[in-house]
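Reader: Could you walk me through this one? I'd like to start from the model itself.

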2 protein chains.
Amino acid sequence: MNAVHIAAGRLSLIRRPTPRRQPGHSLLRLVCGGICNTDIELLRGYYGFSGTPGHEFVAEVLESDDPRLPGRRVTGEINLPCRRCGWCLRGLGRHCPHRTVLGIVKHPGAFSDFFTLPDENLHVIPNTIPTQHAVFAEPVAAACEILDQVRIPKAAPVAVLGDGKLGLLIAQVLQAHGAQVTLYGRHKSKLKIARAAGVATEISNKLPRAAYDYSVEATGSSDGLTAAVQITRPRGTIILKSTVHDRVPLDTAPVIVNEITLIGSRCGRFEPALKLLKSGRLQLDQMISDQFALTDAPRAFARAQEPGVLKVLLWRQIL
Amino acid sequence: MNAVHIAAGRLSLIRRPTPRRQPGHSLLRLVCGGICNTDIELLRGYYGFSGTPGHEFVAEVLESDDPRLPGRRVTGEINLPCRRCGWCLRGLGRHCPHRTVLGIVKHPGAFSDFFTLPDENLHVIPNTIPTQHAVFAEPVAAACEILDQVRIPKAAPVAVLGDGKLGLLIAQVLQAHGAQVTLYGRHKSKLKIARAAGVATEISNKLPRAAYDYSVEATGSSDGLTAAVQITRPRGTIILKSTVHDRVPLDTAPVIVNEITLIGSRCGRFEPALKLLKSGRLQLDQMISDQFALTDAPRAFARAQEPGVLKVLLWRQIL
């Protein structure tokens, strides 16, 4: 089969044997994958990664122990927990210290013709969600995670910093939840997408001070955290979403003096994400900057790294 | 009257007119003051401070509109809020943006023969608390603030990082609350004080990883935050107590991946602090490294800056 392969900071398409599924796992055939910033970071060597990336996907189930699954269009949760440790038994398998992670940690990813995942990780996609929307399930779940961690009251003003892919999804998800979101970004064309979803937008060259009880840092930039501390009111909450591969300089004094809470936030549950995708309330078509065949993955990854580009999709077969 | 005075990074004893109290304020005569790290930072010029420092004190009320106060031994809250803004009306005057702060922001401090504070700031000290313990009310209140911000279950293991004055008080306060505290520090003599209060201690040359659901950063050092992130379990909470006058390098990746919560924590209510001081459960006598007359303040400040020195007290009259 074809598989995207990263090794020593280089990406190529290689031929590989089709994987064999373990008991309790399904064999999946890729339909569509989405390139995430994490994939680009894997390529850039931040984690010493070598292997097949890809964790945002829609696939068809080919073989499974679960008779309900073959032939179904699915997406899936990316963490493969041990299901035995204390974290797993508390329902927090996403934090299992023994977990592998699809396309990130010791489990081959979705950017290949075929791959495997445990049946429990799979979510059948409702027919009314088109594949090019369903492929956003994983990052939408990551945005929904904020609402599992922080009780944001309806109509509460919320600042989202950063108009990249994640910032745009977070702004839309929180707006759909009922918050009054303002997205701060640098790109007029991207802010326009958020406005179509009812989100207020501001160019982020001058941020207000101590203006929001809730803010989300999704800039992907090393000065984003300082900006978030500035925009947040005393006793307010900052949700940290964007990993930056440098140590970020943080002035802890205003965090302490203003008793601000910072909450790291990562993957989320897929159920609320699929519900939201089904509602059709998210503006996703405009977030797709380009689409390629899986066999064109090197070009797709080059495109995904161009400035201003949002989501790039990889299709196994472009019909 | 005599007053300690800081200007341009120098500390001296000056003569000043006795202050006149405004309506609603009491005129206080210092009994005893405690030198805090913040006072030393003011001297070092971190805030462009000029004036009389001092915000940890026991005083006698000389004049007041409140007939219950004259003659009483008091300590007092250090924030002077406007009492009119939204913060003040919500009972969060400690975050009032218009506040002045005793000995720190635009209100002359306690290291003088006489000073003033609003009657509402004052707390009469129960007779059973000796003055050399009552002078710890402000930092003990800052330690108690943690329990107002975070629900720490009884018997929960908690790591406190840093065996300076604040770390020692925090460890003792959380232990008295019922948590199972381990204090990590570098000084055997200081850790011994914590042990006398029932706190477990460890030399901090090698910290465990992902071992605590709750940790408190009180090292006063720029690598304390990284250590706190390391020692804290996924979904755990780090309370940030020590301000550092540099930007602290923070690797946000483990904070996000492990969904850790960081909470800035500053001043606290005096009621629980005085209750705890009254209980006699805190080991405070061993935390007093030296005592001086107010008129010896320059020597006292020099002493307070020596390595390994804990609390230095300033007495208006050494009897």
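What follows is a short run of questions and answers.

Reader: Before anything else, what kind of model is this?
Author: Residues count from 1 along each chain as written, chains are lettered from A and ligands numbered from 1 in written order. Side-chain values use heavy atoms, without hydrogens or water, while local features need pLDDT of at least 70, side-chain atom pairs need pLDDT 80 or more, and totals for chains, interfaces and linings use all residues, the model being predicted.

Reader: What radius of gyration does chain A have?
Author: The C-alpha atoms fill a box of roughly 55 × 40 × 40 Å along the principal axes. The radius of gyration is taken over C-alpha atoms, and the globule rule is 2.2 Å times the number of residues to the power 0.38. For 319 residues a compact globule would come out near 20 Å, which agrees with the value for chain A, 19 Å.

Reader: What share of chain A counts as buried?
Author: Buried is under 20% relative accessible area, exposed is over 50%, and partly exposed is in between (1.4 Å probe, protein chains only). Of the 319 residues in chain A, the buried share is 57%.

Reader: Among contacts in chain A between residues at least 6 apart in sequence, what share joins residues at least 24 apart?
Author: Contact here means heavy atoms within 4.5 Å. With that cut-off, the share is 65%.

Reader: Where is the kink in H4(A) centred?
Author: Helices (H or I, at least four residues) and strands (E, at least two) are DSSP runs, numbered from the N terminus. H4(A) covers residues 137–149 and reaches 18 Å from first C-alpha to last, close to the expected 18 Å, where the expected span is 1.5 Å times one less than the number of residues. The bend at a residue is the angle between axes fitted to the seven residues ending there and the seven starting there. The kink is about 25 degrees, and its centre is Ala143(A).

Reader: How many residues of H4(A) are buried?
Author: The buried ones include Pro139(A), Cys144(A) and Ile146(A). The helix is mostly covered, and of its 13 residues the buried number is 10.

Reader: Which residue in S5(A) does Ala59(A) stand opposite?
Author: Two strands pair if DSSP finds at least two bridges between them. S3(A) and S4(A) pair antiparallel over 7 bridges, with Leu30(A) partnered by Ala59(A). S4(A) is also joined to S5(A), antiparallel, by 2 bridges. There, Ala59(A) stands opposite Val74(A).

Reader: How far apart in space are Tyr212(A) and Ala156(A), C-alpha to C-alpha?
Author: Tyr212(A) is in strand S14 of chain A and counts as buried because its relative accessibility is 9%. Beyond its neighbours within four places in sequence, its contacts include Pro157(A), Tyr184(A) and Arg233(A). Tyr212(A) and Ala156(A) are 56 residues apart in sequence, and their separation in space is 8.8 Å.

Reader: Over in chain B, is Phe292(B) buried or exposed?
Author: Phe292(B) is in strand S18, residues 288–293. Leaving aside neighbours within four places in sequence, its contacts include Arg299(B), Leu314(B) and Trp315(B). Because its relative accessibility is 7%, Phe292(B) counts as buried.

Reader: What relative accessible area does Ala8(B) have?
Author: Ala8(B) is in the loop between strands S1 and S2 of chain B. It has a positive phi of about 50 degrees despite not being a glycine. Ala8(B) is exposed, at a relative accessible area of 79%.
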